[in-house]
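Here are some exercises to work through with the model open beside you. Try each task before you read its solution.

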Amino acid sequence: MNSGCVLKTASLLRSAALPVRHIQSSTSLQEKGFLGSFFERKVEVQQQAHSDKFAKKERITEIQSHNVKPDSIDKYLKAQENLIGYVNANQDVLHGQCLGNFSVLIGDQDQFVHIWRYDGGYHAIDENLKFLETSKDYKLIMNDMKPLLRSRESEYFLQFSFWPEVEMRNPSHIYELRSYHLKPGTMVEWGNYWAKAIKLRDYQHTEAYMGLFSQIGELYNVKHIWCYESLEARQQAREVVWQHTQDQWQEIVARTVPLIRRMSSRVLKPLPSSTTQ
């Protein structure tokens with residue numbers, strides 16, 4: 001084959017290839033548009049800190065999670081009772097109020113959750129830490145407790161101002177702790193939607209126990225704690241919301257789901273010594 005034929009054949013191949021390289025189906029474009037609108041969200045520009053917009057900064061909530069060795073549950077509960085007794089005996093010095101002590105009924109087994117609230121902000125927490133660092137009794141209690149644990153975690157939160165004030169419950173209830181791990185930059189949008197959603201979701205005005213967002217720990221972490229008489233009552237409450245406010249609730253769910261990276265749920269049972277039942 002001479003050089004002229006080679007050049008002519010190569011030219012024809014390039015010409016045939018050009019249209020293919022630029023063709024994109026209308027279906028692909030439509031899918032990209034839909035998925036793009038769902039996943040590729042613009043981060044809302046913050047005009048102020050989340051704590052200024054949604055919460056009272058002088059009230060801080062701590063959630064402690066203790067993962068206990070399965071063969072040490074009884075010893076752990078005794079050590080926890082000693083710790084509560086120590087805190088109560090030093091109320092003139094220590095700042096804080098216990099909002100609940102729970103065992104995990106459904107979720108991470110052999111786990112216990114303790115919720116504390118501190119009025120006075122981080123100043124009150126700093127004073128607590130200084131006192132506990134020099135307390136021999138506290139160190140003895142913790143030395144007894146630590147060998148019983150597999151791990152433990154502590155996080156600080158602020159309470160959403162649009163949630164109801166925390167009220168202790170009389171016996172007997174279960175509590176659902178729902179954790180929402182949001183995409184960075186979406187807290188304001190979440191808060192704006194849930195300021196409306198809480199009015200629909202807490203339809204009996206007894207289920208909403210606490211709504212929080214993280215300050216120290218895993219950031220963009222939201223906690224919703226709900227209170228029910230039973231698992232069946234939980235199911236009925238959720239179904240009622242969908243039935244009675246379907247259009248409004250469906251829109252809120254559709255708007256907030258894209259803000260979430262992951263989520264989880266645990267069902268808690270109050271310990272006999274818990275301040276809320």
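Throughout, a residue is buried when its relative accessible area is under 20%, exposed when over 50%, and partly exposed in between (1.4 Å probe, protein chains only). This is a predicted model, so local features need pLDDT of at least 70 and side-chain atom pairs count only at pLDDT 80 or more, while totals for chains, interfaces and linings use all residues. Residues are numbered from 1 along each chain as its sequence is written, and side-chain values use heavy atoms, with hydrogens and water left out.

**Exercise 1. Cysteines**

Find out how many disulfides the structure holds, then decide whether Cys98 and Cys227 are buried or exposed.

Solution. Start with the criterion: a disulfide is a pair of cysteine sulfur atoms within 2.5 Å. By that test the structure holds zero disulfides. Next, check accessibility. Cys227 has a relative accessibility of 4%, so it counts as buried. Cys98 comes out at 11%, so it is buried too.

**Exercise 2. The overall picture**

Work out how many helices and strands the chain has, and what share of its residues is buried.

Solution. Helices (H or I, at least four residues) and strands (E, at least two) are DSSP runs, numbered from the N terminus. Counting them gives nine helices and eight strands. For burial, the chain has 277 residues, and 42% of them are buried. Now bring in contacts, meaning heavy atoms within 4.5 Å. Of the contacts with a separation of 6 or more, 84% are between residues 24 or more positions apart.

**Exercise 3. Salt bridges**

Count the salt bridges, then look at the pairs Glu176 and Arg178, Arg201 and Glu207, and Arg261 and Glu218.

Solution. You're looking for a side-chain nitrogen of Lys or Arg within 4 Å of a carboxyl oxygen of Asp or Glu. There are seven such salt bridges.

- Step one: Glu176 and Arg178 pair up at 2.8 Å, N to O. Glu176 is buried because its relative accessibility is 1%, and Arg178 is buried because its value is 10%.
- Step two: Arg201 and Glu207 meet at 3.5 Å, N to O. Arg201 is buried at 3% relative accessible area, and Glu207 is buried at 3% as well.
- Step three: Arg261 and Glu218 form a salt bridge at 3.5 Å, N to O. This pair links distant parts of the chain, 43 residues apart: Arg261 sits in strand β8 (residues 260-270) and Glu218 in the loop between β6 (208-216) and β7 (221-228). Arg261 is partly exposed, with a relative accessible area of 44%, and Glu218 is partly exposed at 29%.
- Step four: look for a network, and you'll find Arg59, Asp119 and Glu165 linked by salt bridges.

**Exercise 4. Thr276**

Where is Thr276 found, and which residues is it in contact with?

Solution. Thr276 is in the segment after β8. Its relative accessible area is 0%, so it is buried. Leave aside neighbours within four places in sequence, and its contacts are Leu99, Gly100, Phe102, Met168, Arg169, Tyr175, Tyr209 and Pro270. As for Arg169, the Thr276 side chain reaches its backbone nitrogen at 2.9 Å. Finally, try a C-alpha distance: Thr276 and Pro171 are 105 residues apart along the chain, with 7.9 Å between their C-alpha atoms.

**Exercise 5. The cores and α7**

Identify the residues with the most contacts inside the largest nonpolar core, then see which residues of α7 are buried.

Solution. A nonpolar core is a set of buried Ala, Val, Leu, Ile, Met, Phe, Trp, Tyr and Cys residues joined through side-chain atoms within 4.5 Å. The largest one has 50 residues, and Phe160, Trp190, Phe213 and Val222 have the most contacts inside it. Apart from it lies another core, of 16 residues, including Ile63, Leu99, Ile115 and Leu177.

Now for α7 (residues 187-201), which has a kink of about 35 degrees centred on Ala195. The bend at a residue is the angle between axes fitted to the seven residues ending there and the seven starting there. Among the buried residues of α7 are Met187, Trp190, Trp194 and Arg201. To tie up, Val222 touches both Met187 and Trp190. Leu259 and Met187 lie 72 residues apart in sequence, yet 8.5 Å apart in space, C-alpha to C-alpha. Leu259 itself is in the loop between α9 (246-256) and β8, and is buried at 0% relative accessible area.

Notes
Polar contact = N/O pair within 3.5 Å; in protein donor to acceptor, adjacent residues only side chain to side chain.
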